[in-house]
Amino acid sequence: MALNDVVIGLVGEGNESGVGSAGKILATAAAHSGFNIMTFRGYPSRIWGGLNAFQLRISDSQVYSIGDNIDILVAFDKENYHSYREYLKNDGVLIFESKDSDKINNPPKFSYPIPLEEIVKNSGVQREFAQKSRNIVVLGVLSKLFNIPYDSIKGEIVKNFGKKDKQILEGNLNALKNGFEYAGKLEKKDGFKLSTENLNQKERIVISGNEMIGLAAIISGLDFFAGYPITPASSIMEYLERNLIKYNPNGAVIQAEDEIASITMLAGASYAGAKAMTSTSGPGLALMMEGIGQASMLELPMVIVDCQRAGPSTGMPTKTAQGDLSMLLGAGHGDSPKIILNVGDVEDCYYETIKAFNYAERYQVPVFLMMELALCDRFEAIEVPQKPGIINRLHTSEEEIKGYEDYRKECIEKNIKPHHFKRYKLTESGISPFSIPGTSAISFANSAEHDEYGYTCEKRENAIAMVNKRFKKLTLLECHKEGDYYAENKDPVDRAGEGLKLNVSSKKNAIIGWCGSKGAVKEACINTNDKVDSYFIPQLYPFNKKLAKVLTMYEKVIVPELNYEGQFAKYLKSMGVNAVSFRKTDGYPFTVKEIEDIINEAAK
């Protein structure tokens, strides 16, 4: 039977199985053939060995989730087959190493034993790469058995291995061909076959969540990145190391000695006028807190990407979670203004990253971009996104600089010490003109409470005025109003309305997806005939007041979340919303079936 939606799983032991590279090649080849794809990676918290898994959903229609169960499972060894058997449908397909035939327990309805090692030996693959090249044989088998375009897979192999030794490329191409031909001699027991009709022929890119954040940062005009390697955030820094200087010759990527140094470097770069960003995860974020408070006090724009993982402490570094919201809401001691955005899919990673930079530059505050591990590593095929408008911070005008220069000359002539430039000038919007060090508009950066000039000042009336000034900027965003300077310059990437319902329907209940749960919630709502209203809320803080009022009008607002305490639900309750949290802490994303069960239970 022709399939238009299939989930393929590959499992193997450690890096030698080549599960990750085979999965990426297969996903990219399918996407370039016109299929929609979404992936999920599973790997252990160790440098070498352990179960490695790659799950790929291929469909000719829109894909919202990675799929709940596996239709086709490729097991490179018997141990990992048994670890993953529970996820394989009973009427699914198993492909495995034929020498393990007598050790496969509880096989599914359809099985294909393949002599992977033998085919590799006959393909001219160099001995040291023989174990890894089994994955290429598997790609040939999958192509033949399930109608995944062979030429697309071959093209990806050439792209991946073309710059290596010629013998390596030839060996892998032979392995692909021999796997394809071997599968052609098999008796096709199952009826599964991907349909290649009505495929999407639009130009698309295959990219992961973290890579998309790096790309969007470059498009936003990123000048400076400082970070410290930590799972699952490291690939953002690695992407920028490879690509930033190509588009910004003056750009810099620095691997700092720790997260404290990273956030402090960002403060210096931002003070110097650079667009600055870092990425980290929970443990690193905790170390950054004092620096984040300093950035709030100095009104320095910066973007901080939080790639959430299971905690606390080291926790489960390679498992997903949504457990950092409470920490981010309180980020920076005292009254520290900040903005918190979250992303739900790879396309969001593009637009919300640009929005994060625009908001940071506009409101001169730290902006957090919340991710989670499952989305960091996820690959999707998306249409090439448009380049939206980019906002830069409000700088001092030529007129203001001229006025200040005249004032300084007058002071010097009268032998009077001039004041610094009013970097923290009290304005109607709370947004003050920014001055660059080295210009005549000299500004003073002071982490203590200060007056308009930046001088330390602890007078009561000044403290009240400055705290109000720093938060006044956020009220513009909270109510979706614009400040004086930006009245004619609306946010060009304001997608906050996507997925939001700012009116109450006849439904009694609603459900909110956030971070990586967005797609599973959307698919579950479709499958349950929209029994509840559904929301995805990109801007978590400051929370839109109109939306908060709408949410209070539901009898119940369901919040699936990957943490123990129900952090998002608690946050909504603080605004008067009757939020009910459904939680899990196993380190894995919500399945569509889990969300469907929650919706059906709430609808009773």
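# Close-up views of a predicted model

**Figure 1. An aromatic pair away from the surface.** Phenylalanine 543 and tyrosine 571 are both buried. The model shown here and in the other views is predicted. Aromatic pairs number 12 in this model. In the pair formed by phenylalanine 543 and tyrosine 571, the ring centres lie 6.0 Å apart and the planes meet at 90°, so the arrangement is edge-to-face. The two rings come from distant parts of the chain, 28 residues apart. Phenylalanine 543 sits in the loop between strand E19 (539–541) and helix H18 (545–551). Tyrosine 571 belongs to helix H19 (residues 567–573). Both rings are members of one aromatic cluster, made up of Trp514, Phe543, Phe568 and Tyr571.

**Figure 2. Two lysines over tyrosine rings.** The charged end of lysine 338 is placed over the ring of tyrosine 541, 5.7 Å from its centre. Lysine 189 lies over the face of tyrosine 112. Here the distance to the ring centre is 5.9 Å.

**Figure 3. The open sheet of 4 strands.** Its strand order is E18-E17-E20-E21, and the pairing is parallel. Strand E18 (533–536) and strand E21 (579–583) are the edge strands; each has a single partner, so one side of each has no neighbour in the sheet. On average, neighbouring strands are turned by 25° against each other, direction ignored. Strand E17 (residues 509–513) and strand E20 (residues 556–561) run parallel and are joined by 3 bridges. Isoleucine 511 has isoleucine 558 of E20 as its bridge partner. Helix H20 (residues 592–602) packs on this sheet and touches E17, E20 and E21. The direction of H20 makes about 160° with that of E20.

**Figure 4. The open sheet of 7 strands.** The order is E11-E10-E12-E13-E15-E14-E19, with mixed pairing. Strand E11 (252–255) and E19 form the edges; each has a single partner strand, so one side of each is without a neighbour in the sheet. Neighbouring strands are turned by 20° against each other on average, direction ignored. Strand E13 (residues 302–308) pairs with strand E15 (residues 366–372) in the parallel sense, over 7 bridges. Valine 303 has valine 367 as its bridge partner in E15. Helix H11 (residues 289–298) packs on the sheet and touches E13 and E15. Its direction makes about 140° with that of E15. Helix H9 (residues 259–271) lies across strand E10 (224–227), E11, strand E12 (276–280) and E13. H9 runs at about 165° to E10.

**Figure 5. Alanine 272, in the loop after a sheet-packing helix.** This residue lies in the loop between H9 and E12. Its relative accessibility is 45%, so alanine 272 falls in the partly exposed class. Leaving aside residues up to four places away in sequence, alanine 272 touches Ile436 and Pro437. The C-alpha atoms of alanine 272 and isoleucine 436 are 5.8 Å apart, although the residues stand 164 apart in sequence.

**Figure 6. Serine 65, a buried loop residue.** Serine 65 lies in the loop between strand E4 (51–59) and strand E5 (70–75). With a relative accessible area of 8%, serine 65 is buried. Not counting residues up to four places away in sequence, its contacts are Met38, Arg57, Ala520, Glu523 and Val592. Serine 65 and alanine 524 are 459 residues apart along the chain, with 9.6 Å between their C-alpha atoms.

**Figure 7. Two nonpolar cores.** The largest nonpolar core holds 51 residues. Ile37, Ile58, Ile95, Leu142 and Ile153 touch the most other members. Beyond residues up to four places away in sequence, leucine 142 touches Leu26, Ile72, Val74, Ile95, Asn147 and Ile148. A second core, separate from this one, has 47 residues, among them Met289, Leu298, Ala510 and Leu540.

**Figure 8. Helix H7, mostly covered.** Of the 11 residues in helix H7 (residues 209–219), 9 are buried. These are Gly209, Asn210, Glu211, Met212, Ile213, Gly214, Ala216, Ala217 and Ile218. Glycine 221, just after H7, has a positive phi of about 100°.

Methods. Residues numbered from 1 in each chain as written. Predicted model: local features only at pLDDT ≥ 70, side-chain atom pairs only at ≥ 80, totals over all residues. Heavy atoms only, no water. Pairing = 2+ DSSP bridges. Helix = DSSP H or I, 4+ residues; strand = E, 2+ residues; numbered from the N terminus. Axes fitted to C-alpha atoms, helices over the stretch in contact; angles between N-to-C directions. Contact = heavy atoms within 4.5 Å. Core = buried A, V, L, I, M, F, W, Y, C linked by side-chain atoms within 4.5 Å. Buried < 20%, exposed > 50% of the residue type's maximum accessible area, 1.4 Å probe, protein only. Phe/Tyr/Trp six-rings, centres within 6.5 Å; stacked < 30°, edge-to-face > 60°. Lys NZ or Arg CZ within 6 Å of the ring centre and 35° of its normal.
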